[in-house]
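Here are a few short exercises to work through with the model open beside you. Try each task before reading its solution.

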Amino acid sequence: AVLAALDDPSPKVVVQALASLVRLGPSGAAAVSRLLDLLDHKEPEVRRGVIYALRAMGPVAAPAAPALLHLLDRDADAFSQAAMTLASIGEAGRAAIPKVMRRLRDDPDLVPHVAIDALAKFAPFAPEARSALIELLRHPDGQVRLSAATALSELGAPPDELASLLGGLLLDPDPWVRYSAARILLDASREVDAAVATLKRLLQHADPSIRAAAAGVLAGSGRGSQDLVPLLVEALKNGGPREEHGVIPTLGRLARTIPAARAALHSLAREPAGEPGLTLSIALVEIGDVTPEALRVVLAGLHSHQPHERVDCAWALTHLDDSSEEAVAAVAGALADGDAQARVLAAYALARWGHTTVESRRVLAEGLQSSDPWVREVASEGLILARSRSSLWRVSLGFASAAARWWRRWRGRVDRPRRS
């Protein structure tokens with residue numbers, strides 16, 4: 001039936017048949033010869049579907065390799081996807097490697113990451129592809145250098161070899177390339193001192209997103225954390241509104257174990273600028289140093305027009321052991337938030353407070369009627385824990401266990417929500 005549909009005059013029917021072949025993978029090998037005819041179809045959507053179907057087949061699509069190699073020379077729009085398909089085919093597609101290198105060198109409009117992904121897919125069985133990736137570390141385009149460095153790191157090169165290949169990128173003119181090289185080398189535990197020094201210098205970069213990225217890697221690595229605090233504070237003074245810098249969450253993470261980071265957050269909160277901003281307020285609530293001003297800002301943030309801000313505020317509130325009626329009322333409203341993550345975190349916070357406030361338990365009971373099954377589950381377990389006659393520490397242990405289970409089932413991992 002699928003093969004017959006490939007001859008249908010309707011492009012829509014053909015595309016649906018091609019999608020079925022993608023799902024079949026190598027089992028669809030009998031269609032290869034018919035797919036070769038469709039590579040010249042007048043509809044671009046059909047041609048793309050053919051390429052995806054051949055890629056899903058893998059090595060059994062080897063008879064299509066000559067046609068795909070020809071396609072690299074005549075269809076600029078299909079170049080990257082055809083290269084990926086040839087890499088999936090394997091040895092028969094190996095002749096694509098020099099063509100990909102020429103295109104990366106000569107075509108400034110080519111989106112590089114897919115072509116580089118193709119080279120990385122060739123690399124395990126084609127040494128010339130690996131050599132090509134190493135050569136691309138010297139490409140004039142920073143995005144190409146960055147993609148090549150990432151691809152090499154993901155190929156599982158020995159740490160010493162990785163240090164030899166990427167060490168020079170710590171001095172790259174592109175700050176994002178320097179950042180990525182330092183992150184990769186830290187992960188491999190090679191050139192650690194040079195990588196840390198590079199990341200610390202990036203804390204003074206004019207681009208706040210680079211400062212934030214460097215701060216996050218340094219804090220996550222645990223290397224030189226004591227020395228990191230003054231550098232983060234200095235980075236906050238490096239132009240632009242404080243809330244744009246993105247390093248305050250890193251200070252908050254360090255504040256759990258480093259008194260200097262906690263003191264830095266309090267110093268920022270005392271600055272004569274009215275109420276603390278949202279990012280600073282979230283950090284203070286998360287570490288348990290809740291001021292009335294910070295709590296007011298976080299509760300107001302539950303009504304932000306930005307979903308990621310509402311999620312961050314709800315997450316911060318889950319760190320409180322108890323709360324006020326004002327907080328319960330604000331979080332109760334978040335149970336109907338349009339963002340699923342914000343809804344679940346709101347229920348999570350109420351479940352945490354359930355053993356201390358009657359109002360939290362009342363709202364949790366209402367949460368049992370929520371249309372969101374995850375809200376209903378969190379509310380149910382929160383009520384069970386809240387009504388337990390166990391001592392407070394046992395309730396806290398029970399909550400922690402339930403919370404871990406909720407997160408594993410709902411998100412697949414226990415982690416802080418990412419900010420967009």
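Two residues are in contact when they have heavy atoms within 4.5 Å of each other. Keep in mind that this model is predicted.

**Exercise 1.** Find which residues Ser370 is in contact with, leaving aside its neighbours within four places in sequence.

*Solution.* Start with the location: Ser370 sits in the loop between helix 23 (358-367) and helix 24 (373-386). Next, apply the contact criterion, which gives Val375 and Arg376. Finally, look at accessibility: Ser370 has a relative accessible area of 17%. Buried means under 20%, so Ser370 is buried.

**Exercise 2.** Do the same for Ser88: which residues is it in contact with, beyond four places in sequence?

*Solution.* Ser88 belongs to helix 6 (residues 79-89). Its contacts are Arg55, Gly58, Pro59 and Lys121. With a relative accessible area of 15%, Ser88 is buried.

**Exercise 3.** Work out which parts of the chain the salt bridge between Arg34 and Asp7 ties together.

*Solution.* First check the distance: the two side chains meet at 2.5 Å, N to O. Then place the partners: Arg34 is in helix 3 (residues 32-38) and Asp7 in the loop between helix 1 (2-5) and helix 2 (11-24), so the bridge joins parts 27 residues apart in sequence. To finish, widen the view: Asp7, Arg34 and Asp37 are linked in a network of salt bridges.

**Exercise 4.** Decide whether Lys99 is buried or exposed, then do the same for Asp73.

*Solution.* These side chains form a salt bridge (2.9 Å, N to O). Lys99 is buried, at 17% relative accessible area, whereas Asp73 counts as exposed, at 53%.

Technical notes: Residues numbered from 1 in each chain as written. Predicted model: local features only at pLDDT ≥ 70, side-chain atom pairs only at ≥ 80, totals over all residues. Heavy atoms only, no water. Helix = DSSP H or I, 4+ residues; strand = E, 2+ residues; numbered from the N terminus. Buried < 20%, exposed > 50% of the residue type's maximum accessible area, 1.4 Å probe, protein only. Salt bridge = Lys/Arg side-chain N within 4 Å of Asp/Glu carboxyl O.
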